[in-house]
Amino acid sequence: MHPAVFIPIAARQPPSPALGAWPWIRRHFFDGLANSLLTLLVLALLVVALPPLLNWALVHAVVQADNAACRAAEGVGACWGVVAEKGRLILFGRYPYEEQWRPLIASALLVLLLIVSCLRRVWRPALAWAWVGVFTVFYGLMKGDLAGLTAVDTERWGGLPLTLLLSSVSLVVAFPLAILLALGRQSQLPAIRTLCVIFIEFVRGVPLISVLFMVSFILPLLMPQGAKIDVLVRVLIGMTLFTAAYLAEVIRGGLQALPKGQMEAAHSLGLGYWQIQRKIVLPQALRLVVPAIVNTFIGAFKDTSLVTIVSLYDLTGALQLALGDADWRKFFIEGQLFVAAIYFIACLAMSRYSQWLEGHLNTGTRRQ
Amino acid sequence: MSITPPAPNTPAVIEFSKVNKWFADFHVLRDIDLSVARGERIVICGPSGSGKSTLIRCINRLEEHQTGCLKVEGVELSDDVQAIESVRRQVGMVFQQFNLFPHLTVLDNLTLAPMWVGKLPKAQAEERAMQQLRRVRIAEQAHKYPLQLSGGQQQRVAIARALCLTPKIMLFDEPTSALDPEMINEVLEVMVELASQGITMVCVTHEMGFARQVADRVIFMDEGQIVEQNTAAAFFDHPQNERTQDFLSKILAH
């Protein structure tokens, strides 16, 4: 029985879920036996663990830098006094105490530019110059010996500014380098391809510590007699090359995921190699691997703590310096928590940014 | 729509002589001799794997031929990158899978090559792009992204994109094969209109109605060879070769 005339059925609203607090709780926490048991288990764990933790961290904690009070509260309350007492040493390392406004301003500039660089509308060639500028100002401020500033040797740089410098240089410089390496690995030219493969496989195949040592010892051999490269520069080069090798493989993954037709269409329009990479390939390939890129960045950021092996005191190194004081050595857990919190905040920011960026960049590339 | 055939004795704009190509051991193009005159409209058909796509992809060097000589607009195609890019600037191509750039709006898809290859200022490139979008009747979608459009609309955008460089030759590689049936006609209409405007066209397609309507010459390929070629009417009404007869009986049966 098919009627000859099409009779449309009017569109209706979908059935609405039950509203209110109790249905919501039931849906999320007591949805079936297994889920209910899990909810109860987690609640029990919280009841057991939370009060003592809060007692230690907050209720019985000593906040002021009072060594005697800290010792009295030992085992009962946390001694945040170690942060109050040693905070500046942890944050700025062995940088001269009365000059510490310089690393403060330098770090603030660096962080500011890092934040600004996250915005898509500033992604243009001028950004590279902004980085060159800020790195120059950072170096000038920290190193001194100009405009009436006293000279501070790079060996005395430390703490958070050092961590920030190491990670931002190794990310900012490694990123373009990694793009070139990834493109080189896909190149039609055998010499370039082989060179890139050897570099990537070699650097990726050894621990960062080995790379740091090798750069520290091999680089001076390559320099003319008598020329000395600053240990900081050597470390920066080592970390940058290491990060670039990892990042290159991540980016290659994105390049390979691109449908072949994109290249063919670009070729058929007469675009040249670099135009195709810049306008067609990289914008699509990079957005595919944003999570993996940020993952590599987070790893590189935490790996900066390995520079203590060549006697640079980054944030974790400066903490060890601070805990060298016998009076406060006992309270290393609080010190570690303080440093961990700084790392955690930075990594969380990167992770959230990555998620935001993914959504933001997907405009148009998914069927809506 | 009546379509005038090109004047006889016009010089060849595409010239294959004894062109051969292999994919590893597979001999995909075998001694291809083919000459296309300016303004000529050619349809190439044949069973899958017969080498027809490879043949037209050689014309803008998306595929390299290994032996023989291939000249396009007087330029011999070789490893010379400059020569290849100069040929590609004069040859537009439309693909089966559209191959629009998904991260760019429709308008940006169209202005990219004119701005970067043709060195046109932005305003002029956009003006030309809008003109081409109107030509394929899709100007109102200029600011959307390709994946927000239907397949037929995407293919019309792809045609407009190829036209933005004002090519002398247009290549179509099965332009309607990936489309839903109800969208095939909107693309064919645009192609018919294009054919009536005197541009040299080489189309790989199985749309025999289109071939009959616009083609000056229909070429049948099988196993890497040109088996038969003739005017559209003669090709369909009196196919000579048994392979051609067999192929036509299969695709025209329903």
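**Notebook: burial, cores and the contact of chains A and B**

I began with B:Glu174, which at 13% relative accessibility counts as buried, because the cut-off for that word is under 20% relative accessible area. I was working from a predicted model throughout. I then placed B:Glu174 in the loop between β7 (169–173) and α6 (181–195) of chain B, and noted that its phi is near 45°, a positive value in a residue other than glycine. I kept in mind that most residues other than glycine have a negative phi.

I looked next at B:Asn99, which also is not a glycine and has a positive phi of about 55°. I found B:Asn99 in the loop between β6 and α3 (106–116) of chain B, and I recorded it as buried, with a relative accessible area of 11%.

From there I turned to strand β6 (residues 91–94) of chain B, where B:Gly92 has its place. I entered B:Gly92 as buried because its relative accessible area is 4%. Leaving out residues up to four places away in sequence, I listed its contacts as B:Ala162, B:Pro167, B:Ile169, B:Met170 and B:Leu171. I also looked up B:Asn20, 72 residues away from B:Gly92 along the chain, and found their C-alpha atoms separated by 23 Å.

I then asked which residues have the most contacts inside the largest nonpolar core. In that core of 81 residues they are B:Ile14, B:Phe16 and B:Ile44. For B:Ile14, again not counting residues up to four places away in sequence, I noted that it touches B:Leu34, B:Ser35, B:Val36, B:Ile59, B:Leu70, B:Lys71, B:Ile169 and B:Val202. Apart from this core I found another, of 48 residues, which includes B:Val106, B:Ala142, B:Leu163 and B:Val190.

Between the chains, I noted a buried area of about 2,200 Å², with 60% of it on carbon and sulfur atoms. On the chain B side, B:His103, B:Trp116 and B:Leu147 lose the most area to chain A, together 28% of what that side buries. The contact takes 25 residues from chain B and 25 residues from chain A. I found 1 salt bridge across this interface, and I noted a salt bridge between the side chains of B:Arg57 and A:Glu264 (2.7 Å, N to O).

Last, I looked at the surface of chain A, where a nonpolar patch of about 1,100 Å² has among its residues A:Leu33, A:Leu46, A:Leu58 and A:Val59. I placed A:Val59 in helix α2 (residues 33–59) of chain A, and I entered A:Val59 as exposed because its relative accessible area is 55%.

How values were computed
Residues are numbered from 1 along each chain as its sequence is written. Chains are lettered from A and ligands numbered from 1 in the order in which they are written. This is a predicted model: local features need pLDDT of at least 70, side-chain atom pairs count only at pLDDT 80 or more; totals for chains, interfaces and linings use all residues. Side-chain values use heavy atoms; hydrogens and water are left out. Patches are made of residues with over 30% relative accessible area and no salt bridge: like charges are joined within 9 Å, nonpolar side chains (Val, Leu, Ile, Met, Phe, Trp, Tyr) within 5 Å. Accessible areas come from the Shrake-Rupley method with a 1.4 Å probe; for residues, only the protein chains shown count as cover. A salt bridge is a side-chain nitrogen of Lys or Arg within 4 Å of a carboxyl oxygen of Asp or Glu. Helices (H or I, at least four residues) and strands (E, at least two) are DSSP runs, numbered from the N terminus. Buried means under 20% relative accessible area, exposed over 50%, partly exposed in between (1.4 Å probe, protein chains only). A nonpolar core is a set of buried Ala, Val, Leu, Ile, Met, Phe, Trp, Tyr and Cys residues joined through side-chain atoms within 4.5 Å. Contact means heavy atoms within 4.5 Å. Buried area is the accessible area (1.4 Å probe) that two parts lose on being put together, summed over both.
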